[in-house]
Each structure stands twice: as structure tokens, then as C-alpha cells.
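Subject: Structure for you to look at

Hello,

I am passing on the structure we talked about. Please open it first; my notes follow below.

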Amino acid sequence: MIRFLRGIFHPSSDGSAIIETDSGVGFRINVPANSGLYKNVDGDEVSVYTSMQVREDAVNLYGFTSMEDLELFELLITVNGVGAKAGLSVMSALAPAQLRMAITSGDAASITKANGIGKKTAERIILELKDKVTGPAGFVPEEDGDADFASSVTGEKEEAIAALAALGYTRNEALNAISKVKGEELTCEDYIRGALKNL
């Protein structure tokens with residue numbers, strides 16, 4: 001099974017990319033629409049964690065920028081009625097942190113934003129994965145940070161963290177950056193702008 005590829009990135013317009021390895025072989029991988037891979041341009045060297053799905057009529061690779069995201073995808077496709085294409089659709093609609101939050105909080109409406117995912121399927125995802133998926137990765141504050149900040153993250157802050165995660169930052173990086181943003185009753189956009197100055 002192919003679990004990891006490193007090579008030259010060649011993007012495509014159909015939700016896939018070609019990773020050209022040193023051997024000269026190009027592997028076609030399907031990637032989420034919000035993948036951090038798209039921050040790269042044609043010709044950049046990239047590393048991708050992959051899941052190989054074998055069917056009677058096809059062999060497909062699905063690629064992710066982290067092992068954590070790959071494991072989340074492979075959890076999704078264990079749900080009855082959720083195949084690889086549906087799993088990729090969910091991960092295209094929601095950043096990994098948003099998806100974990102939706103599952104752990106029972107937010108089926110957010111999951112139904114994915115193309116082809118109805119309410120019943122979203123509820124099944126929550127039911128089958130709620131005990132398997134933990135919330136977004138925990139926060140380890142910097143020495144001068146507020147140790148209670150992580151537990152206070154709600155509303156606008158959480159939306160800003162999810163947006164930063166979609167840009168490719170880890171939750172810890174986003175939390176640390178947002179914890180340094182000063183002000184009260186800030187909007188999600190205010191937190192994002194302030195956090196980007198600290199990243």
C-alpha cells in the first residue's frame with residue numbers, strides 16, 4: 001500500500017494532482033478542495049500522506065498534508081454508506097478542525113454542507129465517530145501565554161481558528177497567535193488579521 005509520496009507537484013483542475021517522484025513516475029492523487037497542497041505552485045517539491053483505495057474497477061490514491069488528516073479521512077470512510085468520494089467531499093467542505101468540532105458537538109448541519117451528504121448520512125457520521133474522534137488538538141500555551149485561553153475559545157475565536165487551519169496552520173499555531181490579539185468583542189475577521197501578524 002502506498003502511504004507516502006514525496007516529489008514534484010503538478011496541480012490539476014479536477015480535484016486531483018500529479019506527484020512526480022524522483023524515479024520519474026507520476027502518481028495521480030485526489031485531494032480535498034481546501035488542501036494545503038494548493039498553496040504550492042507547479043514544480044514545487046511536496047510531501048503527501050496517502051490512502052490507497054482499491055475497488056474492482058479502479059485503484060485510487062487520496063492525499064493529505066498530514067498523517068492526522070489522513071487518519072481522519074480513513075475514519076470517515078469506515079462509516080456505513082460513506083465511500084472515499086463522499087469522505088473527500090466532507091473534508092473539502094470542512095477543515096479538519098471544523099470537522100472534528102462538528103462531530104464532537106453533534107453539528108450535523110455543518111457536515112451536510114458537503115456535496116452529496118444528506119442529513120441522515122451526517123447524523124450517521126456523528127453517531128459512529130463521536131467516540132472515536134477527539135476535539136481539535138489540544139493547546140500548549142507559550143511561556144508567556146494564558147494557560148486558560150484554550151478552554152475559553154468559543155464563537156468568533158473558534159471560527160478564526162478554523163479559518164487559519166484551512167490556510168494550513170496547526171491549531172496550536174492558530175491558538176498561540178490568537179491569544180496575542182488584544183481587544184474585546186472582536187469579529188472573526190479581526191482575530192484572523194491580528195493572528196496573521198503573529199504567525
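Leu199 is a good place to start: this residue sits in the segment after helix H8 (188–197). Note that the model is predicted. With a relative accessible area of 39%, Leu199 falls between the limits of 20% and 50% and so counts as partly exposed. Together with Leu167 and Leu196, Leu199 makes up a nonpolar patch on the surface. The accessible area of the three leucines together is about 240 Å².

Next, the aromatic residues. Searching the whole structure gives three aromatic pairs. One of them joins Phe64 and Phe73, with 5.0 Å centre to centre and 40 degrees between the planes. That angle is neither under 30 nor over 60 degrees, so the pair is classed as tilted. Both partners are buried: Phe64 has a relative accessibility of 3%, and Phe73 has a relative accessible area of 0%. Ring pairs also bring in Tyr62, which forms a cluster with Phe64 and Phe73.

Last, helix H2, which covers residues 84–93. Its buried residues are Ala84, Gly87, Leu88, Ser89, Val90 and Met91. What do the buried residues of H2 pack against? On the strand side, the partners are S3 (26–30), S4 (45–54) and S5 (59–64). The helices they pack against are H1 (67–76), H3 (96–105) and H5 (119–129).

Regards

Note on methods. Residues numbered from 1 in each chain as written. Predicted model: local features only at pLDDT ≥ 70, side-chain atom pairs only at ≥ 80, totals over all residues. Heavy atoms only, no water. Patch = residues over 30% accessible without salt bridge, like charges linked within 9 Å, V, L, I, M, F, W, Y side chains within 5 Å. Areas by Shrake-Rupley, 256 points an atom, 1.4 Å probe, with all protein chains shown as cover. Salt bridge = Lys/Arg side-chain N within 4 Å of Asp/Glu carboxyl O. Helix = DSSP H or I, 4+ residues; strand = E, 2+ residues; numbered from the N terminus. Buried < 20%, exposed > 50% of the residue type's maximum accessible area, 1.4 Å probe, protein only. Phe/Tyr/Trp six-rings, centres within 6.5 Å; stacked < 30°, edge-to-face > 60°. Contact = heavy atoms within 4.5 Å.
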